[in-house]
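Trainee: Could we go through this structure together and check what stands behind each label?
Mentor: Gladly; here it is.

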Amino acid sequence: MANITKKVSWSSRGDESGGGERTPLLNGSEEVRYTRQFSGDGGMFHIGRLSTVDLEEDMTSDEDSVRGCPKEIPHNEKLLSLKYESLDYDNSENQLFLEEERRMSFLGFKCLEISRWVICGLIGFLTGLIACCIDIAVENLAGVKYFVVKQNIEKFTEVGGLSISLILWAVLNSAFVMVGAVIVAFFEPGAAGSGIPQIKCYLNGVKIPRVVRLKTLVVKVCGVICSVAGGLAVGKEGPMIHSGAVVAAGVSQGRSTSLKKDFKIFEYFRRDTEKRDFVSAGAAAGVSAAFGAPVGGVLFSLEEGASFWNQMLTWRIFFASMISTFTLNFFLSIYNKKPGDLSSPGLINFGRFESDSVAYNLYEIPLFIVMGAVGGLLGALFNILNYWLTIFRIRYVHRPCLQVMEAMLVAAVTATVSFAMIYFSNDCQPLGPDQSEDYPLQLFCADGEYNSMATAFFNTPERSVRSLFHNPPGSYNPLTLSLFTLTYFFLACWTYGLTVSAGVFIPSLLIGAAWGRLFGILLASITPNGSIWADPGKYALIGAAAQLGGIVRMTLSLTVIMVEATGNVTYGLPIMLVLLTAKIVGDYFVEGLYDIHIKLQSVPFLHLEAPATSHWLTAREVMGAPVTCFNRIEKVGTIVDVLSNTSTNHNGFPVVVPVAASDDMGKICGLILRSQLIVLLKHKVFVELARSRLTQRKLQLKDFRDAYPRFPPIQSIHVSQDERECMMDLTEFMNPTPYTVPQETSLPRVFKLFRALGLRHLVVVDSENRVVGLVTRKDLARYHMGKHGLEEMQLAQT
Amino acid sequence: MFIVQVGALLIALIYYANAQTSVVAVNTTIPGSELSASGLRQLAAAVVPQSPVFHPSLRSQFSLNLLSAFPEDLEVSDYCVALLAIFGQRYSTYVNCLVSAARPVKVCQNCYGTYGNLMEIYKNISDQMGPGNVSCRDSLLRSDRLMLVFLLYSNMEDIWTASECNRCVSLRDHSLTNDTLYFMETLNQSLSCFEKYQKQGNHSELCTECKATYRGLNELYSRMEKNHTLCIDIEDSDLVLFQMNMTRILWSKDFNCSFPRAETVPVIAVSSFMLFLPIIFYLSSFLHSEQKKRKLIHPKRAKSNPSFINIQDKFS
């Protein structure tokens with residue numbers, strides 16, 4: 001691991017000489033003249049508030065490199081990618097919208113409300129069903145695999161040739177993982193990873209391409225089954241959340257663009273605002289199915305997508321969560337041949353903690369806090385290692401076939417390491433009647449005993465967690481546990497970020513449970529007669545919470561999820577304390593894993609608040625200018641040219657009224673979106689045509705919705721030479737009341753507007769209401785607190 | 001009116017039974033026909049004012065009333081007393097048997113007969129009607145808070161269930177099941193084999209010679225474990241008795257006949273080969289793969305205008 005890390009840093013240094021990797025601020029532009037101007041600006045910033053180093057030097061080296069074509073730099077975390085766009089949460093209140101609202105009856109609104117509930121129920125039902133399918137498929141596939149390997153090992157223990165079993169295990173693992181990696185790498189790269197970062201971004205208001213498609217769902221589900229059955233150090237919970245979100249996005253639209261099937265229902269919900277609400281319900285349903293934690297699911301949605309919610313929405317989300325848990329339990333009860341028994345919860349079942357082992361005392365609280373700190377430290381280490389690894393992967397392992405190979409190698413090595421651990425372990429434990437090991441391996445142990453290392457490694461991670469929680473004291477010896485923790489830590493760290501769909505929840509829990517149990521055992525051995533209160537299972541649970549908190553850094557929702565998954569409210573306080581400590585300690589070093597991955601994806605993500613010490617930045621410095629505007633009645637040719645210009649891929653255009661006797665910008669009177677313009681061009685809503693063909697149907701809001709969410713590109717719309725001379729009247733279609741701010745507005749103020757209203761474009765105007773600039777998400781997201789104070793990220797094309 | 005009176009009587013009887021049988025154990029039956037009309041009226045008078053709220057504190061006074069009314073009426077029948085005596089006898093036999101079979105555990109083998117007897121008599125008490133349609137169930141089992149007879153029996157039943165004796169003993173045929181008998185036979189075979197070679201003092205020979213019988217025994221045991229046909233007698237380990245666990249310990253630890261860890265070299269070789277692969281992979285992808293570059297884009301920004309310069313001045 002350290003090896004790779006060194007290489008990455010070396011390589012980036014090597015490239016720096018060519019391009020200057022971390023140019024701190026507002027570096028240059030297309031032209032040298034421009035750059036000079038900006039070096040002036042840079043100087044201003046330097047003097048003003050920022051303490052960036054070597055600014056002048058960078059600028060001079062820039063001038064050399066900038067002379068050529070656009071600069072290229074290796075991928076790093078301080079970039080914003082152009083491929084991500086904002087979602088349109090802000091409702092465009094144009095005349096069409098007002099008309100539709102006028103036409104809609106009171107009953108119509110009631111029906112809408114009811115259909116929202118119906119959709120939430122459907123989301124919950126389908127999510128639960130998917131969870132159930134995943135669970136059953138994984139159980140059976142893994143069962144077959146472990147059965148075959150076990151038979152083989154037993155056979156070869158007797159006659160010799162265990163290396164063949166090792167190869168068999170490695171090959172089986174690789175085969176499963178290969179299938180999973182191939183479908184992800186070649187068919188839908190968006191399904192890689194846990195999906196939680198993507199959903200987080202979506203709820204934040206970033207449109208991640210292809211993230212809520214049906215194809216993604218299919219690949220995700222198949223991929224996660226393959227990767228868990230393939231024995232990777234992964235869990236199936238993160239992907240469940242993503243699946244729930246995709247189900248929600250699909251169901252609420254009442255159609256599938258991939259299958260080209262339109263059910264003609266729920267047409268009203270075909271816009272970003274409504275879809276976002278349902279996606280948050282879907283994510284909640286996913287969490288609730290994954291952990292059997294309906295309340296935890298709701299809180300997860302609120303925590304991750306917290307900028308937009310209200311009571312009614314929360315209530316509906318809760319409904320979806322409940323239905324999802326219920327559905328999962330119902331179908332699992334049928335599968336387990338106990339139809340109607342609804343009490344078996346969740347995909348991951350931590351098992352019940354019996355009442356005598358749950359007791360904890362005041363003097364244990366400091367111990368819990370120490371464990372939280374350890375969890376935070378280990379989590380930070382995990383995240384840092386994974387960060388370097390991910391950078392390496394993005395830079396060097398980007399071809400799909402390489403990605404598949406990497407995943408297969410990881411699978412093979414996981415099997416090898418596990419096998420070696422089991423082979424060389426001397427820890428034999430008697431097989432009690434109360435332990436329900438599915439695949440006990442005897443190997444070189446005496447008859448009637450089993451290899452203790454094998455219960456941890458020769459099992460699906462989820463079952464290993466359960467046995468760490470619940471096996472009676474003495475089922476593991478400390479050496480086994482410490483070796484297991486160490487190995488699994490690196491395996492899990494190596495695995496996360498592969499091109500397979502897989503989550504990080506279960507591996508984290510497993511690492512934490514292992515060292516937590518170790519902690520409990522050591523505690524029991526150093527206290528004279530303390531083995532009564534130092535129940536290893538209890539400490540395993542606390543360790544698991546600490547480790548998970550240290551890696552993902554979720555707070556409220558994670559506490560509730562853990563409490564709900566263990567079905568034990570008594571542990572609420574310790575778990576909360578542990579998560580609190582883990583987060584504080586971990587945040588001191590590095591961000592949470594999901595945030596790191598969001599950053600590495602170059603997503604323009606808006607955090608809860610604007611970076612500190614940014615009040616001196618005003619909208620004037622932040623905004624993009626000059627702005628491409630349209631007149632209220634604009635020539636079609638101009639519109640087509642602007643839209644076709646690939647270098648400026650704008651999405652929102654202020655509509656202005658020209659000011660007489662000035663070539664300056666006109667006064668603002670509205671805002672129109674690219675998608676709207678494309679629909680208008682497609683339907684040829686030209687002034688001249690309207691005059692000649694009086695019978696032409698008037699464009700309705702429905703036409704815009706039908707094109708949603710995949711508006712055709714401008715290239716696919718044919719506009720003849722004659723039509724280019726026509727005029728288009730935008731009055732009816734533009735949003736007549738866009739949000740505007742004066743030039744002097746500070747960055748945090750602009751930020752708050754963006755975050756709270758879910759804006760996509762914010763027009764900056766001067767004192768006479770003339771457009772001077774436009775603030776978009778990327779303009780705000782590029783500022784962040786770095787080591788040297790406020791830093792600015794660069795835009796990159798991906 | 002008569003119906004009301006009879007109803008009141010019945011209620012009174014139930015309360016009476018609850019209150020009294022634990023205190024008095026007299027040998028009488030109460031056929032309903034023997035009750036006189038005056039008695040009924042008296043009873044109704046006693047019950048009706050009190051019945052809506054029938055406090056436990058009132059009970060003693062109430063039962064005293066009744067006692068004076070029927071001095072020796074409510075008793076346990078002869079038949080039931082006889083049953084109880086038999087129950088006691090069999091119970092003590094069974095307990096004696098259990099105690100004597102506790103170490104080494106042979107509770108199933110030795111005591112299934114006595115347990116069968118106990119179960120029979122308990123069945124008689126709880127289910128069957130005696131002569132004159134008398135059921136002893138209520139008078140013996142349910143008439144007081146302690147329910148001693150029931151408690152005693154259920155304790156024994158728990159022991160029987162915990163030992164899973166049902167799996168190796170069929171109570172209906174009063175014998176051990178065929179599986180168990182077969183197992184005992186195989187076990188004896190193995191043990192005699194052990195004994196034979198142990199005398200020669202050569203364990204390696206023992207390991208090869210007895211392997212077949214021991215394997216057979218072990219497999220049989222695993223199969224029975226899986227089918228849930230194991231009871232405590234077979235499972236239990238004991239140093240004196242040659243039972244399964246002990247046999248296994250003998251085999252694995254004393255004779256050291258487990259499999260040796262013999263193939264360390266090939267396993268290490270294969271493992272290190274596997275571990276070597278990713279290093280090659282990452283090195284080669286680092287050296288040969290083209291590094292992914294990002295094209296930087298320069299956003300349009302406001303050019304400096306007069307007011308902008310003002311701000312600069314302000315800062316400097």
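Trainee: In which helix do Asp706(A) and Lys702(A) lie, and how many residues apart are they?
Mentor: Asp706(A) and Lys702(A) both belong to helix 27 of chain A, residues 701-707, and are four residues apart, about one turn of the helix. A helix here is a DSSP run of H or I with at least four residues, a strand is a run of E with at least two, and both are numbered from the N terminus. A word on the source: this is a predicted model, where local features need pLDDT of at least 70, side-chain atom pairs count only at pLDDT 80 or more, and totals for chains, interfaces and linings use all residues. Residues are numbered from 1 along each chain as its sequence is written, chains are lettered from A and ligands numbered from 1 in the order written, and side-chain values use heavy atoms, leaving out hydrogens and water.

Trainee: What makes the contact of Asp706(A) and Lys702(A) a salt bridge?
Mentor: The term asks for a side-chain nitrogen of Lys or Arg within 4 Å of a carboxyl oxygen of Asp or Glu. The N to O distance between these two side chains is 3.1 Å, so the pair meets that definition.

Trainee: Why is Asp706(A) called partly exposed?
Mentor: Buried means under 20% relative accessible area, exposed over 50%, and partly exposed in between, with a 1.4 Å probe and protein chains only. Asp706(A) has 32%, so it counts as partly exposed. Lys702(A), at 35%, is partly exposed too.

Trainee: How do you know whether Arg271(A) and Glu274(A) are buried or exposed?
Mentor: Arg271(A) has 18% relative accessibility, so it counts as buried. Glu274(A) has 8%, so it is buried as well. Their side chains form a salt bridge at 3.4 Å, N to O, and both residues belong to a salt-bridge network with Glu113(A), Arg116(A) and Arg316(A).

Trainee: And what are the labels for Arg770(A) and Glu768(A)?
Mentor: Arg770(A) is buried at 18%, whereas Glu768(A) is partly exposed at 44%. Their side chains meet in a salt bridge of 3.5 Å, N to O. Over all chains, a search of the whole structure finds 31 salt bridges.

Trainee: How do you know that strand 9 and strand 11 of chain A pair?
Mentor: Pairing requires DSSP to find at least two bridges between two strands. Strand 9 and strand 11 (residues 652-657) of chain A share two bridges, in the parallel sense, so they pair by that definition. Asn631(A) has Val656(A) in strand 11 as its bridge partner.
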